[in-house]
Each structure stands twice: as C-alpha cells, then as structure tokens.
Amino acid sequence: MHVLGDSIPFALSEADKRVYEPRAVPLGKNCGCVCPGCRQPVIAKHCMSGKRAPHFAHAAGYDCASGFETALHLAAKQLIETRGVLAFPELIASIKVWDDMGHVHEPALQLVTGGLRRLCNVVLEKSLGQIRPDLRVDADGLGTVLVEVAVTHFVDDRKLKQIRHMGIPALEIDLSMCRDATFAALEVALFDKPSGTTKWLYHPGLAEAECRLRESLRDVLSAATESAEARARSRAEIDAAERIEEAARQAEREVRRRTEEARQADTEAARLKEVAERKRITDEAQRIQRYEDLKKAAVFKARPEERKRQAVLSRLGRSQLPAFLAAKVRGAMSFGVEETLLWQVTLFGGLVHQQPAKGNGWIGRNYARAWMRYRFPVPQALHKDANDAIDDYLMALAVNGALIACRNNSYAITVADLTCFETLIAIRNSRNFDPGRLQWTPKEEWPTEQQAWTVAEGMSPNLSAAGRWFKLASEMHRNIGFPPIVICEWGSQVGGTKESVANYLVRAGYLRLAPNGAAAVTR
Ligand SMILES: [Zn+2]
C-alpha cells in the first residue's frame, strides 16, 4: 500500500477530533481537517472527474511520511469503537502426535467460535503495564481482549512476550492488504466473517487445551506403546526361533558334510586297498612270469647248438632259419654257436616276432644285451664283443625296416612278426614291385587291434599320425571284398601314397605277398 504524504484517505476534523472521508467534509482548504500523522492542515479533494479516488492532500511540496498509515489506523479504531462489534476468528487448539505403532493422532478442541461479537468497554491507546495496545475491549463470552491494528508495523516478539506475561487474549488485525482505504472497505475487513485478516496472537487457554488434548490421548498412546512392545517381543521371539532353526539346519548340514567326508574316506581307503591288491597280483604274476622266462632261458642256454636250432624253428613255425634275417656284424662269434644266423634269428624271434600283438612296441638296447646273455653262454672276455654284435644287429634290423632307432638307445618295433618282415623285405628287394601281387592275409590270421595299434604307433612320429593309420586299419574288415590294390589306392585319398598305405597294411599283417607266379587276385 502506498504511503505517499500527498494522498491521505482520512483526515482528522479539528472540530470533533474524529476522522472523516474526503466526501464527508467541505471541499478544498475549507475542509477543517488536519493530517492524522503530522497534524498539518490538509486539502479535501473530491475528484469528481473519476481519475483519482477522493483523498486529502498536504499543501504542495510538504513531505509527510506518517499520514497514510496513521489515518488508516485511526479510522479502523474509530470504526470499532463506534460500532461496538468486531469479527473474531475461530481459535482451535490442536496437537499432532505419533504413537509407537507409527499412527498419527490429531485431536482438536475449539476454544473460540468464529464470528461477530459485541464489545463493551472499548479503550483506545491506553497503556497496560509496559505495552500500549491499540484497543482493549471486553468481548461477549471472551472477556478482555487486546486488539492490535497493523498496517506496516506488526506486533514484535518483545510485545508478544509482554502479552503472554499478562495472560490476556490478543488479536492482530492486518490491514496491509486492504486495497481501498475507505470506511466501506474497512468494514468488510473488520466486521465480515470469516475474517481472513484477523488472527489470534495469543490465548491463555491454548496451552491448557493442548494439555487436555495430550491427556485425552494418554490411554490411546499407552495402548499403542503396549502393542508396539508386544510386536517387538513377538518379533524377537520369531527371530530367536529362526536362529534356533538355522542353528539346527547348520548342525544338520555339518552332520551331512561329516558323513559324506567319512563315506569318501571309506571309498578312498577301499580304492587304495583295491589298487594295492591289484598291484600285488600283477607283481606276483610278473614275478612268476619272470621266473618262468628265466627258467626257460636257462634251459635254452644249456642246450647244444642243434637243440637250440630246433627250438627256434619250432617257435617260428619254419623248417629253416630264414636267411633274410642274417646280417654281418662285429663280434658275431661271441655267442658260443657255430652258425651266426642262429643267435640272430633267436634275437628276432624273442624280441620282435609277435611282440606287437602283446603290446610290446619297444626294445631297449641294454634289455636286448641281458636277454641274450640269459640264452647264450658268453665268456666274460667276450662280453664287449657280444654287446657290439647285438648293437650292430639291432641297427641292421632298423636298416632293413623291422625297427626304427629312437632316443635313449631304444628301438620302436615296426613289423608285427616274421612273415610281415619277410614280405616287407621281398617288396623292398623287388626291382619293379607289382602291388598286384599283394593279397589279403586269411581272415583268421588278421592282426588284433593291439597289434595294428602298436605297429602304427611304432611307425609314426606322433599319436595323431598313428591314430590315422589305426583308423584305416579298423575299417579294413569292410574292405576285404575288394582287391588290396584298390584299397591301397582308396586309402591314399585319406592320406599318404598308395605305397605308404600298402607299407602299413603289410607291416601290421593285413596284406602279404602271393607266392611267386601265383595270381594274387581273380577279377
Ligand atoms: Zn501529515
């Protein structure tokens, strides 16, 4: 609201010391009024043109800061005093309390009903203790009430404290938002209900009412507290029960775990016992076998040369010592036999012939030396010569294709038996070998899987190569209806040449050579 000194809504009549609106007094300087703020004469302006509302003004150039506010203040007090009524706002005591169950309670109690009340004994601007309220009234049903009228100056903390101290109910009427400074507008603000501009500053009954409200909740709150405690107790009981159950489950798991551990330990013990038992049996069998072998070797060793020859021929199923096994070596005469070929055939027959079928794919040089010494009497002086002879002979077998020299003075066996080796030699010795001369070995003499695998392994630099040969071999039973040469050519599509396929099939024992001149295949 503007507070310009040259526009005052009400002026104070010098005649009766009451405030008037501009229209209620004579126009102009003869209005007989002064400014309520500065008490200087003012001019009444009725402004019939309608451009401005009627107002009072100071003399031109006079600056007054308090005229407007004081005029409004006085006008409001004068209205209240004259009418002897005032609109009181409703006063409700209320509290908001959360109980222990989390519910909110908002009980309320009406201390004052809103509305117009008759006033008697209206006292203006009279000091009361340390304060000077704008009005002190006795209102119907309320007793003494202090009334403050505020335009720009509202009740401050200090004054409010004094009011509380005195214990008298107090109202504040806020006119700061009163747009039209006329008696008509002030009447609306002061006497219409409900009054939006008037509020209770203080009421001595409020604290007691709030106490009563709090008291009224006592039973409800304590019931809620009991419920909350009961709920907490029951929660604690449930928690405790759950802890007990969990402990029981934990114990059960522990028992199961230990039982399982014990079972596994038993199983492991049983397994170890079984392994030990198998090893004992195997060791025993090997010991017996070794003993038997040594016994046979000793019997063989004691025999004269001719009996040795017969034993070897019998073992190989031949009538003559196979001449293709002969090789020129150092120390050939170290074995106490006239015929060099005899010990050579014995070595081949004992260490190479049919060994792949037993899974023996290797010959160690030292083993061969010892093996021979168990079967032929070699004088101490000839030990070195005998060793040279054996080394040379193993080398010769390797050169001829029965063995392949490997690391650590050992040899891989690459022919299944004497017949396979014989076939291999014949093929190697033929200037123009005709693969058509190869024929299937009779089915009943076919190599075992062990034999086919051991030869493949001996021939191959690595297991995957051996695996390819073995795969070829394991499919051979399907091919027996075809001529071998067809199978060798077919096999070469899988890997290698037809010669290399033939080479493996001969070494493993699937193919052999037809007798000279015989037609190998009838087409
Ligand atoms: Zn003034």
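Select Leu-119 and Ala-139 in this predicted model: Leu-119 stands opposite Ala-139, a residue of strand E12. Widening the selection to the two strands shows that E11 and E12 pair in the antiparallel sense, with four bridges between them.

Keep Ala-139 selected and turn to its other side, where Gly-143 in E13 stands opposite Ala-139. The pairing of E12 with E13 is again antiparallel, here over five bridges, and the two strands form a hairpin with three residues between them. In that turn, pick out Gly-141, whose phi is positive at about 75°.

Now display the side chains along E12 and look at which face each one takes. Leu-135, Val-137 and Ala-139 point to one face and are buried, whereas Arg-136 and Asp-138 point to the other face and are not buried.

Next, colour the whole sheet to which these strands belong, an open sheet of six strands in the order E6-E11-E12-E13-E14-E15 with mixed pairing. Strand E6 (85-88) and strand E15 (198-202) stand at the edges, and because each has a single partner strand, one side of each is left without a neighbour in the sheet. Looking from one strand to the next, the twist averages 40°. At the E15 edge, select strand E14 (residues 170-174), which runs antiparallel to E15 and is joined to E15 by four bridges; within this pair, Ile-173 stands opposite Thr-198 of E15.

With the sheet still coloured, add the helices that lie across it. Helix H1 (residues 67-83) lies across E6, strand E11 (115-124), strand E12 (135-139), strand E13 (143-150) and E14, and runs at about 105° to E11. Helix H3 (residues 183-191) lies across E6, E11 and E14, running at about 55° to E6.

Move on to the nonpolar cores. The largest of them has 55 residues, and those with the most contacts inside it are Leu-394, Val-415, Ala-456, Leu-505 and Ala-508. This core draws at least three residues from each of domain 3 (303-413) and domain 4 (419-523). Apart from this core lies another, of 45 residues, among them Ile-43, Leu-86, Leu-146 and Leu-186.

Centre the view on Ala-508 and ask which residues, beyond its neighbours within four places in sequence, are in contact with Ala-508. They are Ala-416, Pro-447, Gln-451, Ala-452, Val-455, Ala-456 and Ala-473. From the same centre, select Glu-449, whose C-alpha atom is separated from that of Ala-508 by 9.7 Å, although the two residues are 59 residues apart along the chain. Glu-449 lies in helix H11 (residues 449-459), and because Glu-449 has 10 Å surroundings holding 11 C-beta neighbours, this residue counts as exposed.

Two residues with unusual backbone signs make the last stops.

- Select Lys-17, in the loop between strand E1 (11-13) and strand E2 (19-20). The phi of Lys-17 is near 60°, a positive value in a residue other than glycine. Is Lys-17 buried or exposed? Lys-17 counts as exposed, because there are 10 C-beta neighbours inside 10 Å.
- Select Gln-354, in the loop between helix H7 (340-351) and strand E16 (362-364). Gln-354 also is not a glycine, and its phi is positive at about 65°. With 17 other C-beta atoms within 10 Å, Gln-354 is partly exposed.

Notes
Residues are numbered from 1 along each chain as its sequence is written. This is a predicted model: local features need pLDDT of at least 70, side-chain atom pairs count only at pLDDT 80 or more; totals for chains, interfaces and linings use all residues. Two strands pair if DSSP finds at least two bridges between them. Axes are lines fitted to C-alpha atoms, for helices over the stretch in contact, and angles run from 0 to 180 degrees between N-to-C directions. Two residues are in contact if their C-beta atoms, placed from the backbone, lie within 7 Å. A nonpolar core is a set of buried Ala, Val, Leu, Ile, Met, Phe, Trp, Tyr and Cys residues joined through C-beta atoms within 7 Å. A residue is buried if 20 or more other C-beta atoms lie within 10 Å of its own, exposed if 12 or fewer, and partly exposed in between; C-beta atoms are placed from the backbone. Domain bounds come from an automatic or database domain assignment.
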